[in-house]
Amino acid sequence: MTEPIQIELPTIFEAMTVNSWLIKGEENILIDCGEKTDATWEALNKGLEKNGLTIQDISKVVITHAHLDHMGMANRITENCNATIWVSEMVHGWATNLNELLDRRSDAILAAILPNISKEDHDKIVDFGYKRLSPYWDEIPADRLHVFPMEGLIDFGGQTWEIIHTPGHCLNQTCFYQKETGWLLSADMILPMIPIPIVDAARTAPYEGGKSLMTHLASYEKLIPLNITKAFPGHFGILEDVPNLIENQKMRIHHRKEKCFRLIQAGSSSFMDLLEGIYKERINNATIFMVIGFLNILQSEGRIKREMMDGKWAYFANEVTIDAV
Ligand SMILES: [Zn+2]
């Protein structure tokens, strides 16, 4: 069995590229496909050419999760060849009802952020609107879609891979695990750095934002028992020591969360104070989601409480009660 081949594609997030993984075999399959831009289209075709293929040789495109850099190009592919686009049950709505789901996600994100940060600060830190991402992303014709379940087995060119639902970075994210080789197509679940726990809207009304970092931590636990020898991530290169990488990322999340708690204990009550206290010069979209995550965990551990003060959440440590013996 030949290893997935990396085709690196440019993205609109300048410093960042995204991977399409080519699986060559009885049939040729792409895992993810980049954004709908001409630069991506060119890079994808060049990458296939380098491997002796054209887009007409691709029979399936499998989508790991509904983020534009992973599935935006899918429709353009269907316009240029006969490939079917394989999406999970939870990604399906993103292929057929894109703008409504983008609005729901964007509303859930803002509902999580704006009670913490002023609109001004938010617009300064986040230099793109979530809704403005839609030009790089198209819906996919229903007759070209093929739906796979959130858990179970899937065939990639005669090889059996296990579908693993790994929400956190994205509610509908799936990884694919090949038991005999220990290979994991890891999407944005396993990356060299901690994936951004982007708030995502629930699938049912009122479409509330989830606790993405807690969900992400639970997804690590699904992967730990596996015998992963190599991960083929959504961004950057192949990863080898996955168990150690997971352990380190779990530890880093834990330490930063504890730092967040100490800052609250020491009197920092506003979100901006916590964000600056933990991340100093790295105030951005990603670190906002991390701090939202730390606060979710500390609240669920019963160690902090929050109160609405002047339209913004203020965070306080809970009194430790020692039970009388
Ligand atoms: Zn990604």
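**Helix packing, zinc site and local backbone features**

Helices α5 and α10 are roughly perpendicular to each other, a class that covers angles of 65 to 115 degrees, whereas angles under 35 degrees count as roughly parallel, those over 145 as roughly antiparallel and the rest as oblique. The model is a predicted one, in which local features need pLDDT of at least 70 and side-chain atom pairs count only at pLDDT 80 or more, while totals for chains, interfaces and linings use all residues. Residues are numbered from 1 along each chain as its sequence is written, and side-chain values use heavy atoms, with hydrogens and water left out. Helices (H or I, at least four residues) and strands (E, at least two) are DSSP runs, numbered from the N terminus.

Helix α5, residues 98–113, packs against α10 at an angle of about 65°, and the two axes are 11 Å apart; axes are lines fitted to C-alpha atoms, for helices over the stretch in contact, and angles run from 0 to 180 degrees between N-to-C directions. The crossing of α5 and α10 is left-handed, meaning that the near helix is turned anticlockwise from the far one by less than a right angle, a clockwise turn being right-handed. On the α5 side the contact (heavy atoms within 4.5 Å) is made by I109, A112 and I113, and on the α10 side by I288, F289 and I292. By class, this contact of α5 with α10 comprises six nonpolar, no polar and no charged residues, where Ala, Val, Leu, Ile, Met, Phe, Trp, Tyr, Cys and Pro count as nonpolar, Asp, Glu, Lys and Arg as charged, and the others, Gly among them, as polar.

A second helix pair is formed by α8 (residues 242–265) and α9 (residues 271–279), which pack at an angle of about 130° with their axes 10 Å apart. At that angle, α8 is oblique to α9. The crossing in which α8 passes α9 is right-handed, and the contact involves R256, K259, C260, L263 and I264 of α8 together with L274, G277, I278 and Y279 of α9. The residues of this contact of α8 with α9 divide into six nonpolar, one polar and two charged.

Helix α9 is largely enclosed by the rest of the structure, because seven of its nine residues are buried, buried being under 20% relative accessible area, exposed over 50% and partly exposed in between (1.4 Å probe, protein chains only). The buried residues of α9 are F271, M272, L274, L275, G277, I278 and Y279, and the elements that cover them include α6 (119–125), α8, α10 (285–300) and β13 (312–317). After α9 comes K280, which has a positive phi near 45°.

The zinc ion has as its protein donors H70 (NE2), D188 (OD) and H235 (NE2), which lie 2.0 to 2.1 Å from the ion; donors are N, O and S atoms within 2.8 Å of the metal (3.2 Å for Na, K and Ca), and sites may look incomplete because water is not among the atoms. Along the chain, the donors of the zinc ion follow the spacing H-x117-D-x46-H. D188 belongs to the loop between β10 (183–187) and α7 (212–223) and H235 to the loop between β11 (230–233) and α8, so the pair ties together parts that are 47 residues apart in sequence. D188 is buried at 2% relative accessibility, and H235 is buried with a relative accessible area of 2%.

The loops that hold these two donors also carry backbone features. In the loop between β10 and α7, where P206 is found, a cis peptide bond with omega of about 5° joins A205 and P206. Y207, also placed in the loop between β10 and α7, has a positive phi near 55° although the residue is not a glycine, and Y207 is partly exposed at a relative accessible area of 28%. In the loop between β11 and α8, F236 has a positive phi near 70°, again in a residue other than glycine, and F236 is partly exposed at 35%.

Two strand residues complete the description. I85, in strand β5 (residues 84–88), is buried with a relative accessible area of 0% and, not counting residues up to four places away in sequence, touches V61, I63, A74, T78, I140, R144, L145 and H146. A317, in strand β13, is partly exposed at 23% relative accessibility; leaving aside neighbours within four places in sequence, A317 is in contact with F261, I264, Q265, R303, I304 and K305.
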